[in-house]
Amino acid sequence: MIKTDKPLEEMSKRQVVNHLYDTVKPEEGVIPAYLLGDPKVYEIEHEKVFLKTWVFVGHESEVPNKGDFMTRELAGYSLIITRDGEGEIRAFYNMCTHRGMKLCRADKGNKSMFTCPYHGFNFKNTGELVGVPLQKDIYGGTLDRTTMGLHKVKLESYKGLLFGTWNEDAEPLEDFLGDIRWYLDILVGRAEMEVIGVPQRFVVSSNWKVGSDNFVGDSYHTMVTHGSIAKLGMVPSATYSKRGFQIHTENGHGLNLGTPNPDFAFPEELKAEFKSNLSVEQYGVLSNLKNMIGNVFPNLSFLISHTKIKDQFISNTSVRMWRPIGHNKMEVIAWMLVEKNASQDWKDRSRDSFILTFSPSGIFEQDDTEVFTDITEAAQGPMPFLKNLTYNYTMGLHREPVEFVGPGVAYDDKFTEASQRNFYKYWLELMTK
Ligand SMILES: [Fe+2]
């Protein structure tokens with residue numbers, strides 16, 4: 001329970017930040033409910049988290065050919081991501097430099113030139129302004145096109161995962177990811193990976209942090225929220241989700257590794273490719289992996305899970321973004337990834353495995369989003385009592401970390417809230433900077 005004398009809506013931004021400092025206590029396991037329901041907190045988040053950190057925007061395999069492009073959103077602003085004639089991937093602010101019209105309104109396609117729908121200014125997929133209708137006639141020699149190229153946006157890739165940032169002073173992506181890279185290697189660096197189809201997109205009435213929180217550390221809910229899967233016999237027992245490790249690294253990243261798994265759930269014929277891309281220790285984790293569920297701060301969650309299809313354990317790999325579109329609404333964008341060199345049959349079954357579990361039609365997804373929506377609903381509005389409510393994140397505070405083959409702080413089963421505390425610790429650090 002926390003006490004405030006002033007309602008949050010009457011506080012200035014500065015006062016809200018001070019209030020966060022006083023009331024959010026991740027290391028003690030105290031997280032106030034207003035973090036999930038307050039519009040002012042959301043506004044400050046946009047400025048101090050989403051405009052400052054690296055945010056996921058897509059996968060390289062979504063623009064495989066020269067001239068391919070896609071439009072994406074980075075912290076509320078539209079981007080055009082292009083692969084130019086040399087094969088280089090670039091990102092631009094999707095705004096014509098003449099009068100500010102959105103230059104490209106398609107989700108994806110292939111072209112080397114973008115024409116503004118307002119006055120027809122023409123930009124190459126490398127960003128240069130190359131054509132202005134009637135230029136000589138109406139500007140004489142006065143228009144300098146070289147100063148009117150598209151605004152470049154910082155874009156970096158890690159093992160095919162593309163991240164952008166609006167922060168010119170952001171640390172290199174690899175430094176921001178830090179030790180979580182060891183696990184991302186297993187997720188998307190184990191083989192050449194490709195996105196299957198276009199990403200799934202659906203809107204959920206939930207604060208984005210509920211999704212990140214759930215994936216970064218909440219294995220505990222599986223036995224109840226997803227209890228039906230145990231009843232259906234799809235998993236051995238209701239507490240199966242406890243076995244394994246929960247690990248967190250710096251900058252709020254974290255994950256849960258379900259182990260052991262007696263069945264190799266990846267394409268057998270790609271074992272040599274996996275071994276050549278991974279260290280012995282990483283391959284050891286992969287070959288023993290039941291599932292892997294985590295979150296790259298702030299809102300890129302990732303997942304490897306598997307299901308039995310036609311008597312074979314088939315893994316599915318995905319990344320998903322909880323894209324905030326308000327304090328109580330987010331768009332979930334989910335990319336399904338598969339080993340590019342796997343057989344078509346494997347790819348099809350892996351997609352089936354994904355659709356059965358995590359997608360708008362998937363068993364897990366539907367269970368989760370019901371919970372996310374209710375949590376968010378209960379955290380908002382003017383009820384006076386609400387501002388004093390806190391959640392309990394104390395699970396595992398009494399426990400000591402264990403040795404693990406990979407980096408980070410590891411606990412030897414997954415029922416702890418250490419990763420969520422680590423997520424909120426970094427969140428608070430950014431919010432109060
Ligand atoms: Fe879940």
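Helices here are DSSP runs of H or I with at least four residues, numbered from the N terminus. With that settled, glutamine 15 is found in helix α1, which covers residues 13–23. Keep in mind that this is a predicted model.

**Starting at glutamine 15**

How exposed is glutamine 15, going by its relative accessible area? The value is 32%, and glutamine 15 is therefore partly exposed, since that class sits between the under 20% of buried and the over 50% of exposed. Along the chain, glutamine 15 and proline 324 are 309 residues apart, and their C-alpha atoms are separated by 23 Å.

**The iron site**

Now for the metal. Which residues coordinate the iron ion? His221 and His226 each do so through NE2, and Asp368 comes in with two OD entries, at 2.0 to 2.5 Å. The angles among the four donor atoms run from 55 to 146 degrees, and the site is irregular. If you want to find the donor residues in the sequence, look for the spacing H-x4-H-x141-D. Histidine 226 sits in the loop between α7 (222–225) and α8 (227–231), while aspartate 368 belongs to helix α12 (residues 363–378), so this pair ties together parts that lie 142 residues apart in sequence. Both histidine 226 and aspartate 368 are buried.

**The second largest pocket**

Next up is a pocket. The second largest one holds about 430 Å³ of space. Its lining is made of 25 residues, and those nearest the centre are Thr71, Arg72, Glu73, Asp107 and Arg201. Sorted by class, the lining has 10 nonpolar, five polar and 10 charged residues. Strands that each supply at least two lining residues are β2 (55–59), β3 (68–74), β18 (312–326) and β19 (329–339). Where does the second largest pocket lie relative to domain 1 and domain 2? It lies between them, because domain 1 (55–169) and domain 2 (178–431) both give residues to its lining.

**Loops worth a look**

A few loop residues have backbone details you may want to click on. Here are two of the loop residues with positive phi.

| Residue | Phi | Relative accessibility |
|---|---|---|
| Alanine 75 | near 50 degrees | 9%, buried |
| Leucine 134 | about 60 degrees | 60%, exposed |

Neither is a glycine: alanine 75 has its positive phi as a residue other than glycine, and leucine 134 is likewise not a glycine. Alanine 75 is in the loop between β3 and β4 (77–83). Leucine 134 is in the loop between β9 (129–131) and α3 (135–139).

Then there are the cis peptide bonds. One runs from threonine 259 to proline 260, with omega near -10 degrees. Proline 260 sits in the loop between β15 (254–258) and α9 (271–277). Another cis bond links phenylalanine 297 to proline 298, with omega near 0 degrees. You'll find proline 298 in the loop between β16 (291–296) and β17 (300–309).

Last stop: lysine 66, in the loop between β2 and β3. Is lysine 66 buried or exposed? Its relative accessibility is 55%, so lysine 66 counts as exposed. Lysine 66 and isoleucine 89 are 23 residues apart in sequence, and their C-alpha atoms are 9.2 Å apart in space.

Terms used:
Residues numbered from 1 in each chain as written. Predicted model: local features only at pLDDT ≥ 70, side-chain atom pairs only at ≥ 80, totals over all residues. Heavy atoms only, no water. 1 Å grid on protein atoms, 1.4 Å probe; cavity = no way out; pocket = protein on both sides within 12 Å on 5 of 7 lines; lining within 4 Å. Points joined across faces, edges and corners; volume = space filled by probe spheres on them. Nonpolar A, V, L, I, M, F, W, Y, C, P; charged D, E, K, R; others polar. Domains from an automatic or database assignment. Donors = N, O, S within 2.8 Å, 3.2 Å for Na, K, Ca; no water. Tetrahedral: all angles 85-135°; square planar, octahedral: opposite > 155°, others 65-115°. Buried < 20%, exposed > 50% of the residue type's maximum accessible area, 1.4 Å probe, protein only.
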